[in-house]
Amino acid sequence: QYTAEPFVPDGADLPALRRAAAGCHGCPLHREATQTVFGAGDTHARVMLVGEQPGDQEDRQGRPFVGPAGKLLDRALAEAGIDPAHAYVTNAVKHFKFTQAEPRKRRIHKAPSLREMTACGPWLAAELALVEPELIVILGATAGKALLGSSFRVGQVRGTVLEEEIHGRPERLVPTVHPSAVLRADDREQAYQGLVADLKVAARALT
Ligand code: URA
Ligand code: SF4
């Protein structure tokens, strides 16, 4: 049974949590990845954005959403009226999972398994308990499954405000698509406008 649980210190603040996560061996993903990519942003943020896992750029730089998907997300947030500087941004899984045909070849993102999502869950739970956001924005299916269970389907609930109990606390959540899905969409402009529309629902829920 993979789990980050023994690596999560009791009573830690966010910087201490981040330092501890750097040494997490809770599942095999730490072996191939460069580093743990912990959440980043304002400890007192009103909104927490949860993605899937770091990508290639995030793995190299050690910060979430700094690559192409992050650039698109920042633009969509600004357009929806949510200041990215006032958000806390993190991922369901904190290490980059990828396949690589040969060393030095491009690293291709692989979706994390349910076991890996479950293993990494204690970090996300600890972040939630410390930041105590007023609203959680779920970016895509992986984040949704990590927070709401494996039956989560983003298409059914995107752009709505859900009220669910997570780790014993009532939370309000707005699910939307993952920004990487927008980058891959046939009609990128339409997909992007859909993301912005969902984020506007989140912005309204914050006022
Ligand atoms: N995609 C994610 O889900 N998270 C990141 O940090 C970057 C890309
Ligand atoms: Fe630990 Fe999560 Fe990394 Fe697995 S993915 S080693 S549980 S931080």
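Here are some notes on the predicted model above, taken point by point.

1. **The sheet.** Start with the overall strand layout. Six strands make an open sheet, in the order β1-β3-β2-β6-β8-β7, and the pairing is mixed. The edges are β1 (40-41) and β7 (162-166), each of which pairs on one side only.

2. **Strand β2 and its partners.** If you want one strand to look at, try β2, residues 47-51. On one side there is β3 (residues 87-91), joined to β2 by five bridges in the parallel sense, with V47 standing opposite A87. Then there is β6 (residues 135-139), also parallel to β2, over four bridges. In that pairing V50 sits opposite I138.

3. **Burial along β2.** Are the residues of β2 buried or exposed? Five of the five are buried, so the strand is mostly covered, on the usual cut-off of 20 or more other C-beta atoms within 10 Å. As for directions, V47, L49 and G51 point one way, while M48 and V50 point the other way, and all of them are buried. That fits the general pattern: in a regular strand, side chains alternate between the two faces of the sheet.

4. **On to β8.** Moving along the sheet, β6 pairs with β8 (residues 169-176) in the parallel sense, again through four bridges. The register can be read from V137, which stands opposite V174 in β8.

5. **Helix α5 over the sheet.** α5 lies across β2, β6, β7 and β8 and runs at about 130 degrees to β6. After α5 comes a loop leading to α6 (154-157), and G149 is found there. G149 has 9 C-beta neighbours inside 10 Å and therefore counts as exposed. Its C-alpha atom is 9.9 Å from that of T118, although the two residues are 31 apart along the chain.

6. **α4 against α5.** How do the axes of α4 and α5 cross? Helix α4 (residues 114-131) and helix α5 (residues 141-148) have axes that come within 10 Å and cross at roughly 75 degrees. The two are therefore roughly perpendicular to each other. On the α4 side the contact uses M117, G121 and L124, and these meet T142, K145 and A146 of α5. By class, that makes three nonpolar, two polar and one charged residues.

7. **P122.** This proline lies within helix α4. P122 has 19 C-beta neighbours inside 10 Å, so it counts as partly exposed. Leaving out residues up to four places away in sequence, P122 touches T3, A4, E5 and V8. The C-alpha atoms of P122 and H167 are 9.9 Å apart, with their positions 45 residues apart along the chain.

8. **Around ligand 1.** The shell here has 13 residues, and the closest are G51, E52, G55, P64 and A69. G51 is also one of the buried residues of β2. Sorted by class, the shell has four nonpolar, seven polar and two charged residues.

9. **Around ligand 2.** Which residues come nearest to ligand 2? Of the 16 around it, they are C24, G26, C27, H95 and C120. α4 gives the most to this shell, with four residues. The classes here are nine nonpolar, five polar and two charged.

Note on methods:
Residues are numbered from 1 along each chain as its sequence is written. Chains are lettered from A and ligands numbered from 1 in the order in which they are written. This is a predicted model: local features need pLDDT of at least 70, side-chain atom pairs count only at pLDDT 80 or more; totals for chains, interfaces and linings use all residues. A residue is near a molecule or strand if its C-beta atom, placed from the backbone, lies within 6 Å of it. Ala, Val, Leu, Ile, Met, Phe, Trp, Tyr, Cys and Pro count as nonpolar, Asp, Glu, Lys and Arg as charged, and the others, Gly among them, as polar. A residue is buried if 20 or more other C-beta atoms lie within 10 Å of its own, exposed if 12 or fewer, and partly exposed in between; C-beta atoms are placed from the backbone. Two strands pair if DSSP finds at least two bridges between them. Axes are lines fitted to C-alpha atoms, for helices over the stretch in contact, and angles run from 0 to 180 degrees between N-to-C directions. Angles under 35 degrees count as roughly parallel, over 145 as roughly antiparallel, 65 to 115 as roughly perpendicular and the rest as oblique. Two residues are in contact if their C-beta atoms, placed from the backbone, lie within 7 Å.
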